[in-house]
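Trainee: I should be grateful for a close look at one part of this model, with its surroundings described in order.

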Amino acid sequence: MGIRSRVNRGLMIAPGARWWEVALESLIKQSMRFPSLNIRCFRVIQKLYWYSYTWMDTCWFSVPLAKNPMDLWIYQEIIWETRPQVLIETGSYKGGSALYFAHLFDLIGEGRVVTIDIQDIASSKLSHPRITTIVGSSISDNVASQVRQIVGNKTAMVSLDSEHSKQHVIKEMELYSKFVSVGNYLVVEDTCLRGPGPANAVEEFLHRRKDFIQDTRREKYMMTSNSGGFLKKIS
Ligand SMILES: C[S@@+](CC[C@H](N)C(=O)[O-])C[C@H]1O[C@@H](n2cnc3c(N)ncnc32)[C@H](O)[C@@H]1O
């Protein structure tokens, strides 16, 4: 059934739908009747998306990745606009996000991905010429010096998606912000998590650092796991 007829008929729920599908349909109905509810509805939809664990059931070319597809689209826009020569990712997991970035670089015709994880899960699955995997803790001196060697004088952006404790993220932000070129981005993933974590790390970092700003235009789809986490280097 097309979207127009679904709207006209008042969004029908399929028999046997799960609770969150029913809740979603009802939210969408409400947001159509009261546009001012849109933003609040998006927040609720985000929560439903999170607790449905769909983000654990997402793949890029059959390699699992743990990202909201709306955020992947935003990465695509950032990468096309800013053309970093290197993208550094902490937290490879199974390698789907690194492969996604590498495929974007394939389309652009330039760019390397450096992906870091304490577990060696991704390297056996990834054999893409643009990807370098580093096994070790993202905050260790050894890993940082390997990254420094690869980046050299190249322009770079960073995606921080490893351990999400506040202290770890702050250390990563201090270490990896050095690699980000002016005009490019330091993306702190999963600021949506509750408790002391990435969101608090961002707050503390920005309190001290005036060379980065929160680019909230990157949250235009509203469904993001990284609210306040798209940091642009301005000086
Ligand atoms: C959320 S997953 C990464 C998801 C991946 N970026 C994606 O989008 O598919 C987090 C990963 O961080 C790794 N990790 C945890 N602590 C780490 C550390 N200190 N250094 C590097 N990686 C770490 C875990 O092993 C796990 O694979």
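Mentor: The account below follows one helix, its neighbours and the ligand shell. This is a predicted model, in which local features need pLDDT of at least 70, side-chain atom pairs count only at pLDDT 80 or more, and totals for chains, interfaces and linings use all residues. Residues are numbered from 1 along each chain as its sequence is written.

The helix is α5 (96-108); helices (H or I, at least four residues) and strands (E, at least two) are DSSP runs, numbered from the N terminus. α5 has 13 residues and reaches 19 Å from its first C-alpha to its last, close to the 18 Å expected at 1.5 Å a residue; the expected span is 1.5 Å times one less than the number of residues. Just after α5 comes Gly 109, with a positive phi of about 95°.

A residue is buried if 20 or more other C-beta atoms, placed from the backbone, lie within 10 Å of its own, exposed if 12 or fewer, and partly exposed in between. In α5 the buried residues are Gly 96, Ser 97, Ala 98, Leu 99, Phe 101, Ala 102 and Phe 105. Their cover includes β1 (59-60), β2 (63-64), β3, β4 and β5 (131-135), where contact requires C-beta atoms, placed from the backbone, within 7 Å.

The largest nonpolar core, a set of buried Ala, Val, Leu, Ile, Met, Phe, Trp, Tyr and Cys residues joined through C-beta atoms within 7 Å, has 47 residues, of which Ile 88, Val 158, Leu 186 and Val 188 touch the most other members. α5 gives this core its largest share, five residues. Leaving aside residues up to four places away in sequence, Ile 88 touches Val 114, Val 147, Ala 156, Val 158, Tyr 176 and Phe 179.

Val 147 belongs to helix α6 (residues 141-151), where Val 143, Ala 144 and Val 151 are buried as well. Seen down the axis of α6, its buried residues fall within an arc of 100°, so they line one face of the helix; the arc is that of the directions from the helix axis to the C-beta atoms. Asp 141, Asn 142, Ser 145 and Gln 149 are exposed on the other side of α6.

α5 also takes part in the ligand shell: α5, β3 (86-90) and β4 (112-117) each supply at least two residues. A residue counts as near the ligand if its C-beta atom, placed from the backbone, lies within 6 Å. The shell holds 18 residues, the closest being Leu 65, Gly 91, Tyr 93, Ser 97 and Ser 162. Ser 97 is also among the buried residues of α5.

Note on methods. Contact = placed C-beta atoms within 7 Å.
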